Amino acid sequence: MARIELRNVFKHYGRTEVLRDISLDIEDGEFVVLVGPSGCGKSTLLRMIAGLEPITGGEFLIDGERMNEVTPRNRDIAMVFQSYALYPHMDVARNMGFSMEIRRDAAEKRRVRVTEAAKTLGLGALLDRLPKALSGGQRQRVAMGRAIIRDPRAFLFDEPLSNLDAALRVEMRLEIARLHQRLAATMVYVTHDQVEALTLADRIVVLEGGDIQQVGTPLDLYERPANRFVARFIGSPTMNILEATPTETGVELKNGARIDLPQVPDRSTARQLGIRPEHIDLAGPESGQISGVADVVEHLGSDTNIYVDVPGLGPLMVRAHGNVPLRPRDAVSLRFQTGNAHVFAADGTALRSAPV
Amino acid sequence: MAGIRKPSPLRTAGKYAALAAYVGFALFPLYWLLKIAVTPDQLIYSEGTRLWPSAATLANFTTVVFQTDFLAYFRNSVAVSLTTAAATTLIAAGAGYAFSRFHFRGKSLIIAVMLVTQMFPLLMIIAPIYKIVAAAGLLNSLTSLIIVYTAFNIPFATFLMQSFFDSIPKDLEEAAMMDGCTRFQALRKVILPLTLPGLGATLGFVFTAAWSELLFALMLINSNDTMTFPVGLLTFVSKFSVDWGQMMAAGVLALVPSCLFFIFIQRYLVQGLTSGAVKG
């Protein structure tokens, strides 16, 4: 098992800077998810850990040992590719046992390990099939089996579920979570899907434009986003961001509504207020802070999404628990859960809440 | 609507008629070759335009095989074509792999230069080539042909091989390297088996090109011992007459190795070997 450290790592392609000054410690047995929009450098970072992409600057260590110049084969890391990358001319058993074949392990030992791994992944009956005769989910399992069989120091996953349909994705996500529990191995997982990130990760690393935006547990990122980018990237539906100016006790919105924010002591640089749809309550006409008109109402059964048009403020997304009997063009009164509101400065940095 | 409408029989007939016409058009010269080869000498002119002669004979074949130097020409052609095909494919595979997988200084320049070599008509450079070969003392040798053919076929064969390597996902190699392979092992165990169709196609292409090449063979070879078969065919043309029957019989025989070669490589030409590698 392994502890992975990145120290001030840079990556350039010619003059293009892809990753800037990345420092990250991944503990032994930790499940870390790299998440961000496409082009943020998350896959490049993973490939640098794998050794498939040279590191331009900085240091990369496994268990304290410098790995920058070590070839992929000597890093003892397994990787599951987005495309699965199964060897098309080998059957499932040989695909899974290929690393042992290269290591010249005895055929008998190889057979035992392959059979064992195939059983846990439900591939027992498919061992003599070629990859082209497998479904997407089965190919995904073979790719995982190929990684497991080696008993590597760490596992890397590069968007492993993005080629699967929605139902299968949920199922495989669960299997990856189980795999991590069973093996307790260090895992680094790249995705652009925040649900995968939130459900699988011990810690999430949010990347954007080649920089780390924030590192934290899923709840950290949800409750205390470091900046506007993270605030909007994590959480679904997306957080509402409203223009605001600081006042004595809180902030004032564009339509003149005043929101008290006692939990943010230093509000002088506040320019925006962020509030998640689930942190806006429907209120009675007298107790509301803001009133508007329902534009679109989506009934999801467990929740109701309401797009509210607020005069002087613009659209606002509200998520109410349960089934709310609202119809388009109904008047709505809203009340913010101010304790869950976020305040951002002009550059997007979150103004820290005082500990409650 | 009751199910899918059947195409009208007229349409089907028309389709097959068109296909038959196409195949007939393409194969007719081959048919004519065979027809003249089996036509007895005395009937060649009297029944010149008949689709099948009133009498058929294998005399032309026996004459060609036993009374001319044709077997020697044959051996020479086989040697030259096989060696050229093997050498070209080997070099082109290496170059194609490098062009497909690596970035290096001057890569686009080399590719551009290789493309330029394909733009000149061979006639233009036949004189300098002759001078070079003569200076190297290689006139009248099969080696000179192998070298010249290999040189001329490498650019196209390289582009061909590069496109085959391009069609193999990079992920496969990377997966192999993660699995503990060196780059060379990954090439040998994963990439090479998947490139067999490409190697087969390139071999076939170069073999046929070398097999039927006349211009350089004519220029560089004068002695009867080292003639290849296309040059040898010309020996059936004498000052006063052309021995059509024997020439065509020799032509038919010359088709045999080409056919055998393609039968041998055709199973590697089957596409779809890489399907199932990536995605679902």
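Me: I'm new to this one. Into which domains is chain A divided?

Reply: Start with the stretches of sequence that are grouped together. In this predicted model, chain A splits into domain 1, residues 4-228, and domain 2, residues 240-345.

Me: And how far apart do the C-alpha centres of the two domains lie?

Reply: For chain A, the centres of domain 1 and domain 2 are 40 Å apart.

Me: How many residues of each domain are in contact?

Reply: Count each side on its own. Domain 1 of chain A brings six residues, and domain 2 of chain A brings eight. You can also look at area: about 530 Å² is buried between domain 1 and domain 2 of chain A, with carbon and sulfur atoms giving 53% of it.

Me: Which three residues of domain 1 supply the most of the area buried against domain 2?

Reply: Find Y222(A), P225(A) and R228(A). Together they supply 88% of the area that domain 1 of chain A buries against domain 2, more than any other three residues.

Me: What about salt bridges and polar contacts there? How many are counted between the two domains of chain A?

Reply: Those are separate counts, so to speak, and here they read like this: zero salt bridges between domain 1 and domain 2 of chain A, but three residue pairs in polar contact. On the domain 1 side, helix α7 of chain A (residues 218-223) gives the most, with three residues. By class, that side of domain 1 of chain A has three nonpolar residues, one polar and two charged.

Me: Now for the two chains. How many residues does each of chain A and chain B put into the contact?

Reply: You read a chain pair in the same steps. Chain A puts in 27 residues and chain B 25. The area buried between chain A and chain B is about 2,300 Å², and 60% of it is on carbon and sulfur atoms.

Me: How many salt bridges are there between chain A and chain B?

Reply: Three. One to look for is R47(A) with E174(B), where the closest N and O atoms are 2.7 Å apart. Chain A and chain B also have eight residue pairs in polar contact.

Me: Which element of chain A gives the most to the side that touches chain B?

Reply: Go to α2(A), which gives four residues to that side. Elements of chain A that each supply at least two residues to the side touching chain B are α1 (42-50), β6 (77-80), α2 (92-102) and α4 (136-148).

Me: And how does that side of chain A divide by class?

Reply: Sort the residues touching chain B and you get 16 nonpolar, four polar and seven charged on the chain A side.

Terms used: Residues numbered from 1 in each chain as written. Chains lettered and ligands numbered in written order. Predicted model: local features only at pLDDT ≥ 70, side-chain atom pairs only at ≥ 80, totals over all residues. Heavy atoms only, no water. Domains from an automatic or database assignment. Contact = heavy atoms within 4.5 Å. Buried area = accessible area lost by both parts, 1.4 Å probe. Salt bridge = Lys/Arg side-chain N within 4 Å of Asp/Glu carboxyl O. Polar contact = N/O pair within 3.5 Å; in protein donor to acceptor, adjacent residues only side chain to side chain. Nonpolar A, V, L, I, M, F, W, Y, C, P; charged D, E, K, R; others polar.
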